Amino acid sequence: MGSTCRIQPILQENEMLNETAVTEFLLMGFSDIRDLEILGFVIFLSIYSTAVTGNLLLVLTIIQNRHLHSPMYYFLGNLSVLDAFYISVTVPKLMAMSLTNNKLISFSGCVVQVFLVITFAGSELSFLTVMAYDRYVAICHPLQYMLVMKWNACFQMAASAWICSLIYAVVQTANTFKLHFCRSTIKQFFCDIPQLLIISCTDTTANLWLTVAVMISLGSFCFFFILVSYGFIFSTVFKIQSAQARYKAFSTCIPHLIVFCLFLSTAMFSYFRPKSMSSPSVDLLAAVLYIVLPPLMNPIIYSLRNKEIQEAMQKMSKKLFGFQLVI
């Protein structure tokens, strides 16, 4: 009789949890003031249009120009494609929230958003690492470049980058959404894993350790791999006698290094800043920097710093549109 009395409250509690299971989440918008919401819509529409147009223009330039059909630009094309998708996962939803004032996202929509954000962020880091290896072989071992960076090897590296990111995204997404959520308000403009862990009623220690361990281990590996690669690259470049050859080597390396530093610094600020710097407004700014800035700046950086890209874009715009772009 006593055991029955103890079991009954547990059953009632489980029934209550089942009845209040979260079926949708409430995201945080740009502002609670309607005029600022409209202003936010205009700003993010401009940013989104610029980012997607710039990345797709870069991809089209690489496809149209035969001189750019090389491993380096093949990886750059992949990076531009994933950047266009990466920013499209979150910003259109933010713009829709600003325009309609509807901040709800379905449970399944949240799952898809988390999965895609992790996939494209992981792929971005993977391709930036592969591109560093490509530059290392091209500059430090130029005579072996075509042997090492064969097209089959390039396809395999690109496929590995995508597949590993997909597998990691599946694991992290499944691990996150097996939790029970007792609140539905996410203090972010998209479904972000740290914010989802905060509103979970389940013990999230294992999830937190998995997320931190993977991010630190992968981030450290990629960071040190790129750091060592550029150590050898700069050591080789400074030994080159020709100033023109040095400039050409730097013009293909500096944009990649800037893009990598931009992505890593925004990610570090978003996820590893001290708690004293955490507030709703700072969290929103950090997420915007991490989600929006790399896809927006990547095509601009490559267009401004790479002479081959500039010339190819000018030729393509004159051929297709009848006018020459001023870059």
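Which residues have the most contacts inside the largest nonpolar core? The legends below take up this question and then turn to other parts of the predicted model.

**Figure 1. The largest nonpolar core has 83 residues.**
Phe25, Leu76 and Leu196 have the most contacts inside this core. Helix H4, residues 107–140, gives the most to the core, with 16 residues. Look next at Leu196. Leaving out residues up to four places away in sequence, Leu196 touches Phe25, Cys110, Val114, Thr176, Phe177, Phe181, Ile186 and Cys191. Phe25, one of these partners, is also among the core residues with the most contacts.

**Figure 2. The whole chain holds eleven helices and two strands.**
Along the sequence, the pattern reads α-β-α-α-β-α-α-α-α-α-α-α-α. The C-alpha atoms fill a box of roughly 90 × 45 × 40 Å along the principal axes. The chain has 327 residues, and 43% of them count as buried. Now consider contacts with a separation of 6 or more: 75% of these join residues 24 or more positions apart.

**Figure 3. Helix H3 bends by about 35° at Ser88.**
A proline, Pro92, follows this bend within four residues. H3 has 30 residues. From its first C-alpha to its last, H3 reaches 44 Å, close to the 44 Å expected at 1.5 Å a residue. Of the 30 residues of H3, 21 are buried, so the helix is largely enclosed by the rest of the structure.

**Figure 4. Ser80 lies in helix H3, which covers residues 71–100.**
Is Ser80 buried or exposed? Ser80 is buried, because its relative accessible area is 2% and the cut-off for buried is under 20%. Leaving aside neighbours within four places in sequence, Ser80 is in contact with Asn55, Leu58 and Val59.

**Figure 5. Asn101 comes just after H3 and takes a positive phi of about 65°.**
Asn101 has this positive phi although it is not a glycine. The residue is found in the loop between H3 and strand S2, residues 104–106. Asn101 is partly exposed, with a relative accessible area of 45%.

**Figure 6. Helix H9 has a kink of about 25° at Ser251.**
The kink lies shortly before the proline Pro255. H9 runs over residues 243–272, and its 30 residues should span 44 Å at 1.5 Å a residue. The end C-alpha atoms are 41 Å apart, which agrees. Now move to the start of H9. There, a side-chain oxygen of Ser242 reaches to within 3.4 Å of the backbone nitrogen of Gln244.

**Figure 7. Asn207 lies in helix H8, residues 205–237.**
Asn207 counts as buried, at 5% relative accessibility. Which residue places its backbone oxygen 2.7 Å from a polar atom of the Asn207 side chain? That residue is Asn175. Not counting residues up to four places away in sequence, Asn207 touches Asn175, Thr176, Leu179 and Leu197. Thr176 also appears among the residues that Leu196 touches.

**Figure 8. Leu45 and Leu94 are 9.7 Å apart in space, C-alpha to C-alpha.**
In sequence, Leu45 and Leu94 are 49 residues apart. Leu45 sits in helix H2, residues 34–64. Leu45 is partly exposed, with a relative accessible area of 35%.

**Figure 9. UniProt annotations can be set beside the predicted helices.**
An unreviewed UniProt entry gives residues 54–302 the annotation "domain: G-protein coupled receptors family 1 profile". This span is 80% helix and 1% strand, and the end C-alpha atoms lie 10 Å apart. UniProt also lists stretches under "transmembrane region", including residues 72–91 and 111–133. Over residues 72–91, the model is 100% helix and 0% strand, with end C-alpha atoms 29 Å apart. Over residues 111–133, the chain is again 100% helix and 0% strand, and the end C-alpha atoms are 33 Å apart.

Notes: Residues are numbered from 1 along each chain as its sequence is written. This is a predicted model: local features need pLDDT of at least 70, side-chain atom pairs count only at pLDDT 80 or more; totals for chains, interfaces and linings use all residues. Side-chain values use heavy atoms; hydrogens and water are left out. The expected span of a helix is 1.5 Å times one less than its number of residues. The bend at a residue is the angle between axes fitted to the seven residues ending there and the seven starting there. A polar contact is a pair of N or O atoms within 3.5 Å; within protein, one must be able to donate a hydrogen and the other to accept it, and residues adjacent in sequence count only if both atoms are side-chain atoms. A nonpolar core is a set of buried Ala, Val, Leu, Ile, Met, Phe, Trp, Tyr and Cys residues joined through side-chain atoms within 4.5 Å. Buried means under 20% relative accessible area, exposed over 50%, partly exposed in between (1.4 Å probe, protein chains only). Contact means heavy atoms within 4.5 Å. UniProt positions are given in the numbering used here, feature names are shortened, and annotations may be inferred rather than shown by experiment.
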